[in-house]
Amino acid sequence: MKKVVIVGAGPAGMFAAQELIKSGLYDVTVFEQRLRAGGSGLGSDGKLNLHPKIGGDLTEFMPLEKAEGVINKIDETFQNYGVEQGTYDEKQLEKLSTKADQAGMKFIKIRQKRVGSDRLHKLNEKFQTDLKNKGVKFNFVTKVKDFKLDGTKITEVETSKGNFPCDFVISAPGRTGSLRLKPVYDKLGLECIFNPVDIGVRVEFPSSLMREIVEDYGCWDAKFLIRTPTFDDKVRTFCVCPYGFADIESYGDGLVGVNGYSNYDTRSDNTNLALLVTVGLTEPLNDTTEYGRSIARITNMLGGGKPLIQRYGDFKRHRRSDPKSIEENHVEPTLSLDKATPGDLGLAYPYRILVNILEGLEKLNTVIPGLAEDSTLLYGPEIKFYARRIITIEKGGYKTLQTNVPNLFVAGDGAGVSRGIVGAAASGMIAAREIIQLYRKLRTY
Ligand SMILES: Cc1cc2nc3c(=O)[nH]c(=O)nc-3n(C[C@H](O)[C@H](O)[C@H](O)COP(=O)(O)OP(=O)(O)OC[C@H]3O[C@@H](n4cnc5c(N)ncnc54)[C@H](O)[C@@H]3O)c2cc1C
């Protein structure tokens, strides 16, 4: 049997392993540097956005109909591991969509499910055990350090526990893992381009403001796309955490930002969401990651090494929030003041991003009345960095996940092709299917 090595046991690696082992054609080994499978979103609340163009665009790789089939397969797998069916009020969602249209926004109607932060570990354990029982070999606490080439093909992966022979590799190390593997990719001559970066704030407000959308319409993670009047820039809502909590996220090298999560069983009185401005750059600086990090750096510097928190009323009036104004605020922050410093985001963010946040929030207020009240809280930095996109070969008018090194495939957030659990899972499946197809072709000749 041909040997496939998968780097990383995140959603991309796990779904790739599932697809390969199901084919019965491969000996599948997963190397994961951590203690368990699940990847970077293991601490999240596991929102599943079941849409071929959310969290990555699957239509780059196949026609829409086929892409929907991939999404349905992923949905099936999650259902098998206990994720409940969502219920939606289609009529109300239509109405919400019309309201958004009237305000010059786009509401993206998608099938969504939610695992819940407190249930995600169990789901991953079940998935891992199932794959193990089917024959996938997992090597935890084992870091892949290098790929050894013989001619044009990788014949061995070097790990922290020795070298391992292989016929194919799927590299799915996630965004941070991909940064660390950059010297290895460079050595193999893989070309990359920068993806845009999303810079914005985490917005926290009373959960009552979105209760109808969440509870009655069944829309847990409402996605609105906004074009702002002044700059005609793209602003969007992302990762809505109903009854959730704001939390610190490490951006590495001592930089911190804010993220959000919701539990399945315990609730706060607030809901939070990310409001993000998409920034793409060209020459002379196309490094969107460095640009985002420099904004995070200034924000952290002003916050004394912590993120900033500001009342929207103060943000609008260009004045600093202070501990007293936050303590007296109607909305009580879920991130305590020992973790975020009351301050002025206006001193840290470029003018264009500030205007986009302000205009985005005011527009959203038409579909979520009360959101643009003075007592709404903003936390920053909230930045979504995306890995550089690894250039892969094209076949039949579609992109593939096969790199210039013929037996090296890439998948997930680390390849710059996804930015979410479902998108990463789908890319893992696609990479696996490409390997399976290659094998079948080889056998027909
Ligand atoms: C706080 C947080 C909340 C999130 N919430 C959501 C959400 O609700 N819904 C959603 O869709 N997405 C969410 N995401 C994003 C989602 O988690 C990612 O998009 C997804 O996990 C990417 O999957 P992946 O398999 O590409 O990479 P990852 O999940 O990052 O997995 C990569 C794995 O590879 C391992 N690895 C890296 N380098 C090596 C190496 N050299 N050797 C061996 N192993 C290696 C890593 O340890 C990791 O386990 C969230 C992310 C974060 C950080």
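This is a walk through the structure you have open, one selection at a time. Keep in mind that you are looking at a predicted model.

**Stop 1: the two domains**

Start by colouring residues 2-86, 111-193 and 388-444 as domain 1, and residues 197-384 as domain 2. Drop a marker on each domain's centre, using C-alpha atoms, and you'll find 31 Å between domain 1 and domain 2.

Now bring up the seam. Twelve residues of domain 1 touch twelve residues of domain 2. Which elements give two or more residues to the domain 1 side? They are strand 3, strand 5 (111-114) and helix 4 (117-134). Helix 4 has the largest share of that side, with three residues. Colour the domain 1 side by residue class: you get seven polar, five charged and no nonpolar residues.

**Stop 2: the ligand**

Next, select the ligand and expand to its surroundings. The shell has 39 residues, and the closest ones are Gly10, Gly39, Gly41, Gly174 and Gly412. Label those five glycines before you go on.

What is the shell made of, by class? Of its residues, 19 are polar, twelve are nonpolar and eight are charged. To see the secondary structure involved, pick helix 1 (11-23), strand 3 (47-50), helix 5 (174-180) and helix 12 (421-444), each of which puts at least two residues into the shell. Strand 3 deserves a second look: besides lining the ligand, strand 3 is on the list for the side of domain 1 that touches domain 2.

**Stop 3: the eight-stranded sheet**

Hide the ligand and show strands as a cartoon. There's an open sheet of eight strands, in the order 4-13-14-17-12-20-18-19, with mixed pairing. Strand 4 (105-108) and strand 19 (341-342) are its edges, each pairing on one side only.

Walk inward from strand 4, with backbone bridges displayed:

- Strand 13 (223-227) and strand 14 (234-241) are antiparallel and share three bridges. Leu225 is partnered by Arg236 of strand 14.
- The hairpin joining strand 13 and strand 14 has six residues between the strands, and there Asp232 shows a positive phi near 55°.
- Strand 14 also pairs with strand 17, again antiparallel, over five bridges. Arg236 turns up once more here, with Leu276 of strand 17 as its bridge partner.
- Strand 17 (270-279) runs antiparallel to strand 12 (197-206), and ten bridges join them. To find one place where they meet, select Pro206, which faces Asn270 in strand 17.

While you have these strands on screen, flip side chains on and look along the sheet. In a regular strand the side chains alternate between the two faces of the sheet.

Then add helix 11 (351-364), which lies across strands 4, 12, 13, 14 and 17. Against strand 17, helix 11 runs at about 130°.

**Stop 4: backbone oddities**

Stay with this sheet and pull up the torsions. Cys239 isn't a glycine, yet its phi is positive, about 50°. You'll find Cys239 in strand 14.

For cis peptides, go first to Glu283 and Pro284: the bond between them is cis, with omega near 5°. Pro284 sits in the loop that connects strand 17 to helix 8 (288-302). Then jump to Gly380 and Pro381, where the peptide bond is also cis and omega is near 5°. Where is Pro381? It belongs to strand 20, residues 377-384.

**Stop 5: helix 3**

Select residues 90-102, which make up helix 3. Its 13 residues reach 18 Å from first C-alpha to last, close to the 18 Å expected at 1.5 Å a residue. Beyond its end comes Gly104, with a positive phi near 80°.

**Stop 6: the three-stranded sheet**

Finish with an open, antiparallel sheet of three strands in the order 7-8-9. Strand 7 (144-150) and strand 9 (162-165) are its edges. Ignoring direction, neighbouring strands here are turned by 30° against each other on average. Zoom in on strand 7 and strand 8 (153-159): they run antiparallel, joined by six bridges. For a last selection, take Phe147, which stands opposite Val157 in strand 8.

Technical notes: Residues numbered from 1 in each chain as written. Predicted model: local features only at pLDDT ≥ 70, side-chain atom pairs only at ≥ 80, totals over all residues. Near = placed C-beta within 6 Å. Helix = DSSP H or I, 4+ residues; strand = E, 2+ residues; numbered from the N terminus. Nonpolar A, V, L, I, M, F, W, Y, C, P; charged D, E, K, R; others polar. Domains from an automatic or database assignment. Contact = placed C-beta atoms within 7 Å. Pairing = 2+ DSSP bridges. Axes fitted to C-alpha atoms, helices over the stretch in contact; angles between N-to-C directions. Expected span 1.5 Å × (residues − 1).
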